[in-house]
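This report introduces the helices of one protein chain and the way they pack. Please have the sequence and the model in view while reading.

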Amino acid sequence: GARETFESYYRKQRRKQARLVLQPPSNMHETLDGYRRYFNQIVGFFVVEDHILHTTQGLVNRAYIDELWEMALSKTIAALRTHSSYCSDPSLVLDLKNLIVLFADTLQGYGFPVNQLFDMLLEIQDQYSETLLKKWSGVFRNILDSDNYSPIPVTNEEVYKKIVGQFPFQDAELEKQPFPKKFPFSEFVPKVYNQIKEFIYACLKFSEDLHLSSTEVDDMIRKSTNLLLTRTLSNCLQNVIKRKNVGLTELVQIIINTTHLEKSCKFLEEFITNITNVLPETVHTTKLYGTTTFKDARHAAEEEIYTNLNQKIDQFLQLADYDWMAMEPGSKASDYLVDLIGFLRSTFAVFTHLPFSLVLMSVLVLLQGKVAQTACMSACKHLSTSLLQLLLEAEVRQLTLGALHQFNLDVEECER
């Protein structure tokens with residue numbers, strides 16, 4: 001005879017129990033099991049309430065359950081936002097996303113609205129993308145650090161086909177050449193290309209079961225891939241180029257490598273199109289900015305070549321020891337200058353002796369020719385300015401005709 005009192009008591013107690021169930025353990029973010037236990041007890045609570053709603057009369061009603069679910073939803077989302085932000089492992093974030101989808105789909109089956117959970121998953125997607133970018137930063141660093149910056153040698157057909165299978169490269173002339181032969185690029189080119197594809201697959205995994213349209217999935221993948229190219233890979237390439245111990249041969253190889261990677265961007269566009277079935281011409285399709293990344297890296301490598309050459313010239317010029325009061329000039333150019341010219345001659349030989357195939361020759365000769373030409377002009381300009389500076393230094397207050405003749409011999413040697 002105390003039905004109203006019991007109903008009131010029941011609802012009050014269940015609200016208290018709900019608050020206990022919705023309180024996440026402090027270390028929940030450390031393992032998937034922590035999240036699983038949390039979700040299981042929430043699902044269990046609402047399955048019981050739904051059962052009571054359908055098997056009793058008046059003990060609970062829809063308004064009471066909806067109110068409880070609204071509270072549960074806001075607390076669950078707040079807890080997930082907090083705990084997921086601690087996670088730095090992309091695999092765990094992906095597993096968590098799959099759990100949330102399972103949790104949402106289960107409760108939706110009982111008639112509970114779960115749109116807010118799917119909206120929150122899009123926030124977690126941004127975080128997942130960040131954890132992926134951090135992971136791939138390490139992957140790219142390892143690839144670039146372990147590369148030998150030499151063209152890939154191939155001794156037989158099997159190895160040739162394996163590399164062509166990893167990286168979109170076609171060259172009829174290179175195919176005709178007998179073994180052993182060399183690809184123009186070093187190993188980091190196919191490795192980086194394949195890791196970009198792996199990253200795209202990893203992005204795709206998160207978009208599964210989120211009830212997104214193909215266009216939304218395509219846009220999500222392209223935006224994340226752009227961040228990978230313009231931020232993560234770009235930083236890794238710039239760090240390699242700016243390293244103190246990087247030599248001229250390595251810098252020239254980086255220029256060649258980035259040229260090939262730039263050309264491969266259209267194949268990455270096709271790869272994304274094939275897995276999302278969204279054509280590139282579709283309105284609002286995001287373009288990949290990979291070409292910019294590789295152009296910037298190439299320009300940085302070129303600048304580094306010019307800077308390195310000028311630094312080497314400065315080292316030789318420090319050995320210049322002119323006797324400004326000499327009565328007679330020497331019979332030949334100064335030793336330091338002969339050594340400097342020998343160094344520059346062997347340096348520019350690097351640009352002309354790099355192996356590459358015949359079809360690519362026109363492109364790479366142009367490329368290397370342009371870099372070599374600009375480097376030569378830069379070196380000549382730097383040398384002439386530095387020589388003039390030697391002559392006009394404040395300490396040189398007096399000089400003889402003999403000293404000027406010796407200096408003139410050196411300038412003529414440079415011209416020659």
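What should the 12 residues of helix H11 (residues 265-276) span at 1.5 Å a residue, and how far apart are its end C-alpha atoms? The expected span is 16 Å and the end C-alpha atoms lie 17 Å apart, which agrees; the expected span of a helix is 1.5 Å times one less than its number of residues. Helices (H or I, at least four residues) are DSSP runs numbered from the N terminus.

The model is predicted, and local features need pLDDT of at least 70, side-chain atom pairs count only at pLDDT 80 or more, and totals for chains, interfaces and linings use all residues. Residues are numbered from 1 along each chain as its sequence is written, and side-chain values use heavy atoms, with hydrogens and water left out.

The same check can be set out for helix H8 (188-207) beside H11.

| Helix | Residues in helix | Expected span | End C-alpha distance |
|---|---|---|---|
| H11 | 12 residues | 16 Å | 17 Å |
| H8 | 20 residues | 28 Å | 29 Å |

After H11 comes Asn277, with a positive phi near 60 degrees. Just after H8, Asp209 has a positive phi of about 65 degrees.

Within H11, Cys265, Leu268, Glu269, Phe271, Ile272, Thr273 and Thr276 are buried, meaning under 20% relative accessible area with a 1.4 Å probe, protein chains only. These buried residues pack against H8, helix H9 (214-241), helix H10 (248-263) and helix H12 (290-317), where contact means heavy atoms within 4.5 Å.

Two further helix pairs deserve description. The axes of helix H2 (residues 32-55) and helix H4 (residues 90-109) come within 10 Å and cross at roughly 5 degrees. H2 is therefore roughly parallel to H4, a term for angles under 35 degrees. The residues of this contact comprise 12 nonpolar, one polar and two charged.

The axes of helix H3 (residues 62-84) and helix H5 (residues 115-146) come within 11 Å, again crossing at roughly 5 degrees. H3 and H5 are therefore roughly parallel to each other. Leu73, Ile77, Leu80, Arg81 and Ser84 of H3 meet Gln116, Leu117, Met120, Glu123, Ile124 and Gln127 of H5.

The largest nonpolar core has 126 residues, and Phe39, Phe46 and Ile100 are among those with the most contacts inside it. Helix H5 supplies the largest share of this core, 12 residues. Phe46 touches Ile65, Leu68, Trp69, Ala72, Leu107 and Phe112, leaving aside residues up to four places away in sequence.

Notes: Axes fitted to C-alpha atoms, helices over the stretch in contact; angles between N-to-C directions. Helix = DSSP H or I, 4+ residues; strand = E, 2+ residues; numbered from the N terminus. Parallel < 35°, antiparallel > 145°, perpendicular 65-115°, else oblique. Nonpolar A, V, L, I, M, F, W, Y, C, P; charged D, E, K, R; others polar. Core = buried A, V, L, I, M, F, W, Y, C linked by side-chain atoms within 4.5 Å. Buried < 20%, exposed > 50% of the residue type's maximum accessible area, 1.4 Å probe, protein only.
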